[in-house]
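User: Please take one part of this model, look at it closely, and then connect it to the rest of the chain. I work at the bench, so please explain each term where it comes up.

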Amino acid sequence: MGTVPGSVPGTVPGSVPGSVPICRLCRLCRWTWWTADNKVSQADRDKWNARYREGAYAARTHPSALLAEWLPKLEFRETHPRAIDVGCGTGRNAIYLARRGWQVDAVDVSEVALDQLSETANAESLPITCIQADLEDAAHRPADLFTADRYDLAVMARYTNLPLIDKLKGALKAGGYLIVEEHLVTEADVVGPRSPQFRVAPGALRDTVAGLDIVAYREGIVNDPDGRCAALAQLVARKP
Ligand SMILES: C[S@@+](CC[C@H](N)C(=O)[O-])C[C@H]1O[C@@H](n2cnc3c(N)ncnc32)[C@H](O)[C@@H]1O
């Protein structure tokens, strides 16, 4: 991905030396694109870029049913609360939140997915900051992305990275919520990755949230709004 000259100050959470904050689309809007000078993992980036170029998930514009179910039930102290969506893809959940008044940091390794997200965000003037970063490599993400007590809500949907949950816990404010949905290891014929490497074992997600209060936890087969079946571990937890 090339960097566009000219930076937009303001909402960039990152401070990696040599990084250039840009809005790739208009270079004017206050919602900014962060990139670490092409240092994101090439393999992950290429793989996901290719999928998004082929139109992967193009039809999945509905938000996660877990987020849609729980967001109205949770209490947030801020009038303009702030969320982070990690492994956001084309941003179905980030967009859902931003349309409801949330400021959202949307993080993904794929600039193709983030380009699509930016187009929607710019068209609707949604307060979403797109951040291209490798969430599996601390060297390739903004150094202060997971600053303590920054967010009222952290969302991770169908991006399997349980070690990241510790970072998300730290980045939540007291009283903030974590909403996570992961593909579960299963024998059933369901959507999602074939490899168990990208699925979580029963109980594994629940075990990562020690120190948080679990509001809801379930594992099983879920019917997605598009009529397809997924095997999921789903969690809603609150930071005391
Ligand atoms: C199955 S998609 C889920 C997208 C979105 N959360 C959703 O629910 O529609 C997984 C996402 O994780 C992103 N991803 C994979 N590896 C990553 C990494 N190392 N760092 C950041 N994002 C990554 C991919 O680019 C992809 O957008």
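Analyst: The account below begins with one helix and the loop after it, and then moves outward to the rest of the chain.

The model is predicted, so local features are described only where pLDDT is at least 70 and side-chain atom pairs count only at pLDDT 80 or more, while totals for chains, interfaces and linings use all residues. Residues are numbered from 1 along each chain as its sequence is written.

The part chosen is α4, which has 13 residues and reaches 18 Å from its first C-alpha to its last, close to the 18 Å expected at 1.5 Å a residue; the expected span is 1.5 Å times one less than the number of residues. Helices (H or I, at least four residues) and strands (E, at least two) are DSSP runs, numbered from the N terminus. The buried residues of α4 are E111, A113, L114, L117, S118 and A121. They lie on the same side of α4 because they cover an arc of only 140° around the axis, the arc being that of the directions from the helix axis to the C-beta atoms. A residue is called buried if 20 or more other C-beta atoms lie within 10 Å of its own, exposed if 12 or fewer, and partly exposed in between, with C-beta atoms placed from the backbone.

Just after α4 comes S125, with a positive phi of about 50°, although S125 is not a glycine. S125 sits in the loop that runs from α4 (111-123) to β5 (128-132), and S125 counts as exposed because it has 11 C-beta neighbours inside 10 Å. A second residue that is not a glycine but has a positive phi, here about 60°, is R158, which is placed in the loop between β6 (151-157) and α5 (164-171). R158 counts as buried because 20 other C-beta atoms lie within 10 Å. A positive phi also follows α1 (residues 42-53), where G55 has a value of about 95°. Helix α1 itself has 12 residues and spans 16 Å between its first and last C-alpha, close to the 16 Å expected at 1.5 Å a residue.

One link from α4 to the rest of the chain runs through G91, which touches A106, L117, T120 and I128 when residues up to four places away in sequence are not counted; two residues are in contact if their C-beta atoms, placed from the backbone, lie within 7 Å. G91 is found in the loop between β3 and α3 (92-98), and G91 is buried because 27 other C-beta atoms lie within 10 Å. The C-alpha atoms of G91 and T61 are separated by 8.2 Å, although these residues are 30 apart along the chain.

Helix α5 can be read in the way used for α4. Its buried residues are I165, L168, K169 and A171, and they are on the same side of α5 because they cover an arc of only 165° around the axis. What covers them includes β3 (82-86), β6 and β7 (172-183).

The largest nonpolar core has 57 residues, and those with the most contacts inside it are A154 and L178. Strand β9 (residues 229-238) gives the most to this core, with seven residues. Such a core is a set of buried Ala, Val, Leu, Ile, Met, Phe, Trp, Tyr and Cys residues joined through C-beta atoms within 7 Å. Leaving aside neighbours within four places in sequence, L178 is in contact with A154, L168, K169, L172, V209, L212 and A237.

Strand β7 also holds Y177, which counts as buried because it has 25 C-beta neighbours inside 10 Å. Beyond four places in sequence, the contacts of Y177 are L74, L153, V236, A237 and R238, and the C-alpha atoms of Y177 and D152, 25 residues apart along the chain, are separated by 6.3 Å. Strand β8 (residues 213-223) holds Y217, which is partly exposed because 15 other C-beta atoms lie within 10 Å; outside four places in sequence, Y217 is in contact with R206 and L235.

For the chain as a whole, the secondary structure comes to six helices and nine strands, and 44% of the 240 residues count as buried. Among contacts between residues at least 6 apart in sequence, 61% join residues at least 24 apart.
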